[in-house]
Every structure is written in structure tokens, then in C-alpha cells.
Amino acid sequence: MGSTRCGIEALQGRRVFVKRAAGADVAMLACEADGLRALAATGAIRVPAILAEDATVDDAHLALEWIDLTAPTEPVALGRALATLHGAPAPRGPCGERFGWHRDNFIGGTPQANDWSDDWIAFFRDARLVPQLERAHRNGFRGDLERDGVRLLSQLPDLLHDHAPSPSLVHGDLWQGNAGTLPDGSPVVFDPAVYVGDGEVDLAMTELFGGFGSAFMRAYESVRPIAPGYALRRDLYNLYHLLNHLNLFGATYRIRIEHTLARLVER
């Protein structure tokens with residue numbers, strides 16, 4: 001990270017939110033700071049300001065502004081802000097590639113590859129589904145999950161053949177636990193896993209663990225219409241997060257994944 005430990009120490013006496021990582025997790029804080037800066041640069045949605053960073057080989061700190069959040073999340077404002085984010089100009093790769101990011105980062109505690117690609121289907125297959133399916137295989141999840149996972153990879157071009165998403169900077173890990181509302185009603189998001197992709201990956205994840213409700217979706221669509229066929233793509237995109245949860249937390253997610261895979265490959 002760019003600043004020194006004295007940056008953290010200079011904040012003593014202020015109310016701040018400090019994250020610490022050690023050992024193999026040190027890189028996670030640098031990736032989080034990178035994502036927060038990228039989201040802030042769009043001016044579309046509020047994120048916690050970075051006050052200071054420091055890192056050594058085996059220890060890191062990230063100091064963020066303290067934000068008082070109210071509950072619950074205000075869905076209309078969040079929907080509009082997210083749509084504005086997805087409509088903002090998105091960075092491109094060194095050769096003009098439309099999908100990816102300038103560095104790899106993390107989804108939860110899992111490394112997330114972001115090699116640039118000009119092909120959304122190839123990016124989602126090779127940088128999202130393939131690594132998670134390979135981890136599931138190594139973790140012993142075989143049978144229907146493995147068989148239908150292989151089938152799904154071969155069917156992706158058919159499932160997405162009529163979908164040509166515009167590149168959007170996405171939060172990448174947008175569920176209820178990573179969003180809140182300021183006392184003035186403004187939405188704020190945090191803990192990103194950013195990259196440039198199909199904005200619908202964020203929409204999909206907002207529905208994975210409860211969601212923000214129909215008012216959120218209507219507000220999003222009032223700014224950025226959702227293309228036909230979203231329900232199928234929602235299940236497909238959320239498969240990435242379900243597989244990640246399977247690999248992080250175990251077999252609790254297996255049945256849901258197998259049902260999702262069956263629906264997708266049997267269409």
C-alpha cells in the first residue's frame with residue numbers, strides 16, 4: 001500500500017474504522033482499497049473514504065472513515081445509484097478489452113482472477129465459473145454437480161447468445177451486508193470485489209440472500225432498463241457466488257447449486 005504506518009498513527013483520537021489483515025490475507029486490504037477508490041471515482045455511489053493505509057509483508061491496516069448507518073437500506077436511492085454506477089464510463093484493458101480489471105482481487109476470502117477479455121462469455125466462463133468448479137472438484141464435490149457443471153460450461157454460448165452487455169464497473173459482492181443508508185437517506189456500499197463486467201451480476205447478487213425488494217428493482221429500471229431474459233442470467237450469475245460459498249463454507253449449498261445447474265442445463 002502506498003502510505004506508511006505513521007498515516008495510521010496520525011489518526012489517533014479520531015473515530016475511524018480500521019481493518020487489519022495478517023499473513024496471506026494482507027493482499028486483501030490492498031484490493032479492497034483499490035475497489036473503493038474505483039467506485040468513488042465514478043461519483044455514482046457513496047463509499048467509505050480511505051484515510052490511511054499501511055502494509056508490510058505479513059501485516060496490513062486500512063483505516064476508513066467512520067460512517068453512522070441507519071437501517072434498513074433505502075431501496076429506491078440504492079437502486080438509482082447502482083444504475084448510475086453501471087451506466088458510468090468503465091475502464092478498459094491495455095488493448096481496449098472490455099471486461100476484467102487491472103489486478104486480481106478477492107471474492108470473500110477466495111482469489112478472484114480478472115484477466116482482461118473482450119468476450120463476456122469467455123470471461124465469465126474462464127475467470128468465474130471454471131475456477132470455482134475446479135475448487136469444488138478438489139473439495140470432493142463430484143456427481144451431479146460436476147457433471148452438470150461441465151455441461152453448463154459447454155452450453156454458455158447458447159444461454160447467453162442473445163445477450164451483449166455493455167461493460168460496467170460492478171461492485172462485485174453486493175448483498176444486504178455490504179450496503180447501508182446514511183442518516184440523510186443516501187446509500188453507501190462497502191467491501192467491494194470490483195471488476196468491469198455485466199452490471200446484471202450486481203443485480204443478481206442483490207436477490208441471492210433476500211434482496212432489497214421490488215422498489216429497488218423498479219428504481220434501478222427507471223434509470224437503466226433491464227434486458228429481457230434477466231431471470232435466466234440471474235440464476236447463472238449467482239451460481240458463481242453459490243459455488244464460492246460451497247467452497248468456503250461446505251456442503252450446505254450443494255443442493256441449491258445442483259438444482260440451479262439442472263434448471264440451466266435442461267432448458
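Which helices do the buried residues of α7 pack against? Before turning to that helix, it helps to look at the chain as a whole, bearing in mind that this is a predicted model.

The chain contains nine helices and nine strands. Its radius of gyration is 19 Å, close to the 18 Å that the globule rule gives for 267 residues, so the chain is as compact as a globular protein of that length. Measured out along its principal axes, the C-alpha trace spans about 60 × 45 × 40 Å. Of the 267 residues, 51% count as buried, and among the contacts between residues at least 6 apart in sequence, 72% join residues that are at least 24 apart.

Turning to the surface, the accessible area of the chain comes to about 12,200 Å², and carbon and sulfur atoms account for 52% of it. The chain carries 26 positive and 34 negative side chains, with the centres of these two sets lying 2 Å apart.

Helix α7, which runs over residues 214-223, brings the question back into view. Within this helix Phe216, Met217, Ala219 and Tyr220 are buried, and because these residues cover an arc of only 160° around the axis, they lie on the same side of α7. On the other side of the helix, Arg218 and Ser222 are exposed. The buried residues of α7 pack against three elements, namely α3 (75-87), α6 (200-206) and α8 (230-249).

Technical notes
Residues numbered from 1 in each chain as written. Predicted model: local features only at pLDDT ≥ 70, side-chain atom pairs only at ≥ 80, totals over all residues. Heavy atoms only, no water. Helix = DSSP H or I, 4+ residues; strand = E, 2+ residues; numbered from the N terminus. Rg over C-alpha atoms; globule rule 2.2 N^0.38 Å. Buried < 20%, exposed > 50% of the residue type's maximum accessible area, 1.4 Å probe, protein only. Contact = heavy atoms within 4.5 Å. Areas by Shrake-Rupley, 256 points an atom, 1.4 Å probe, with all protein chains shown as cover. Lys, Arg positive; Asp, Glu negative; His and termini not counted. Charge placed at Lys NZ, Arg CZ, Asp CG, Glu CD. Arc of directions from axis to C-beta.
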